Amino acid sequence: MKNCIYLVFLFLLLGCNYQSNQKKHVQITHKTINIKNNYIGKAGPIIFANNKIIGIDFMLDTCFFYIDTEKGELCRFGIKGQGADDFLYPYTLQQLSDNTFGVYDLTAKKFSEINIKDSIKLEQRHYVSKDIMSFNFKKLSNNRYLGFGPYKNEMFIITDSLGIKINAFYEFPYKDNNEKATKNHLRSMAYQGTISTNISNNKFIYTPTFGDIIHLYKWENDSIKIICKIECSYPSYTIEEGGGGFGAPLNPNNIAGYISSAATDQYIYLLYSGTKLIDFIKEKKEFCGNTLFIYNWEGKKLKELKLDIECRYITISTDNKILWGIAYNPDPELVYFDLSKID
């Protein structure tokens, strides 16, 4: 396919020992929110805001949903289409306040802000960048945005609300000098993953879907600074480039690592899979995992928990007490785990 970028995933995981002063493999039991009036088609990322779980639905014509966690009712909104207020391919979410969330539209290259306090209202929408593609975009302040993508020389960019690049930082990970010699935008395809910001939007975590890598960053004064990096293993892949496109197919025997993340100002929550990619392909199954790591913002692992059901996406309540997840059982359902009783 010409004039496009191939988003191709694959992975490798090697063992890595972390220090922890907590007991490992504590299992926690889920409870299910029984949705009374509707259902989820194919769930995407979720966030928590104002006692609601907001999510993307990749299957249905209404591309967003929210579930009232107290009433168990589901509301759909957001139309897929070409209209002025429609969405082409909403891809990631970000909590901006108790009543507002942001969504990055991968195909339209737009970042939108939606208010759900009393009624659902699209408040702002603008291009994040008309000229370059990004895997993800997050809002940092009223006129600053964080971009993450296959840029020529960098991993992150900061833009203003007009999509004009203000600054750029770092390059994608590499395990040795041979891999470093691979062009940054080609290497980026193997290191796609998740970015989650804290509630204050002045810190964020990056984890690739494959490889055992955790990066913590902070943002201040139009600069991105490294808090810490933990790199234990790297994805194994080959490079494909030509015909106006490029990609990085990887060995299907590699292992999926951190498949979803969430963060507050105090803690970071990482959902780990540990399953070979080939197994997901054979079973025609969504990425899923049941190991939860909890870190602080200094990069110290505090807890390792086992969920009694595998989840695809997670989010966390603002008080760090409830972990929410999307589980396939076999259809997607909303579950939650009480973390307040975990020592």
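**Exercises on strands and a pocket**

Strand 16 and strand 17 form a hairpin with 3 residues between them, and Gly211 in the turn has a positive phi of about 95°. The structure is a predicted model.

**Exercise 1.** Place strand 17 among its partner strands, and state which residues pair with His215.

*Solution.*
Step 1. Begin on the side of strand 16 (residues 203-208), which runs antiparallel to strand 17 and is joined to strand 17 by 4 bridges. Across this pairing, Tyr206 has His215 of strand 17 as its bridge partner.
Step 2. Turn to strand 18 (residues 223-233), where 9 bridges make an antiparallel pairing with strand 17. Here His215 stands opposite Lys229.
Step 3. Look at the connection: the hairpin of strand 17 and strand 18 has 2 residues between the strands, and Asn221 takes a positive phi near 50°.
Step 4. Combine the steps: His215 has Tyr206 as bridge partner in strand 16 and stands opposite Lys229 in strand 18.

**Exercise 2.** Decide whether strand 17 (residues 212-220) is mostly covered or mostly open.

*Solution.*
Step 1. Apply the cut-off: a residue is buried when its relative accessible area is under 20%.
Step 2. Count: 7 of the 9 residues of strand 17 are buried, so by this cut-off the strand is mostly covered.

**Exercise 3.** Work out which strands stand at the edges of the open sheet with the order 3-4-5-6, and why.

*Solution.*
Step 1. Write down the order, 3-4-5-6; this sheet has 4 strands and antiparallel pairing.
Step 2. Find the strands with a single partner: these are strand 3 (43-49) and strand 6 (73-79), so each has one side without a neighbour in the sheet.
Step 3. Add the geometry: on average, neighbouring strands of this sheet are turned by 25° against each other, direction ignored.
Step 4. Check one pairing. Strand 4 (residues 52-57) and strand 5 (residues 62-68) run antiparallel and are joined by 5 bridges. In strand 5, Asp68 is the bridge partner of Lys52.

**Exercise 4.** Describe the largest pocket by its volume, its lining and the elements that supply the lining.

*Solution.*
Step 1. The volume of the largest pocket is about 1,100 Å³.
Step 2. It is lined by 49 residues, of which Pro45, Tyr91, Thr92, Thr194 and Tyr313 are the closest to the centre.
Step 3. Sort the lining by class: 25 residues are nonpolar, 19 polar and 5 charged.
Step 4. Assign the lining to elements. Those that each supply at least two residues include strand 3, strand 7 (90-95), strand 15 (193-197), helix 3 (277-282) and strand 25 (313-316).

Definitions and conventions. Residues are numbered from 1 along each chain as its sequence is written. This is a predicted model: local features need pLDDT of at least 70, side-chain atom pairs count only at pLDDT 80 or more; totals for chains, interfaces and linings use all residues. Side-chain values use heavy atoms; hydrogens and water are left out. Buried means under 20% relative accessible area, exposed over 50%, partly exposed in between (1.4 Å probe, protein chains only). Two strands pair if DSSP finds at least two bridges between them. Axes are lines fitted to C-alpha atoms, for helices over the stretch in contact, and angles run from 0 to 180 degrees between N-to-C directions. On a 1 Å grid over the protein atoms alone, a cavity is a set of points where a 1.4 Å probe fits but cannot get out, and a pocket is an open set with protein on both sides within 12 Å along at least five of seven lines; lining residues have an atom within 4 Å of a point. Grid points are joined across faces, edges and corners, and a volume is the space filled by probe spheres set on the points. Ala, Val, Leu, Ile, Met, Phe, Trp, Tyr, Cys and Pro count as nonpolar, Asp, Glu, Lys and Arg as charged, and the others, Gly among them, as polar.
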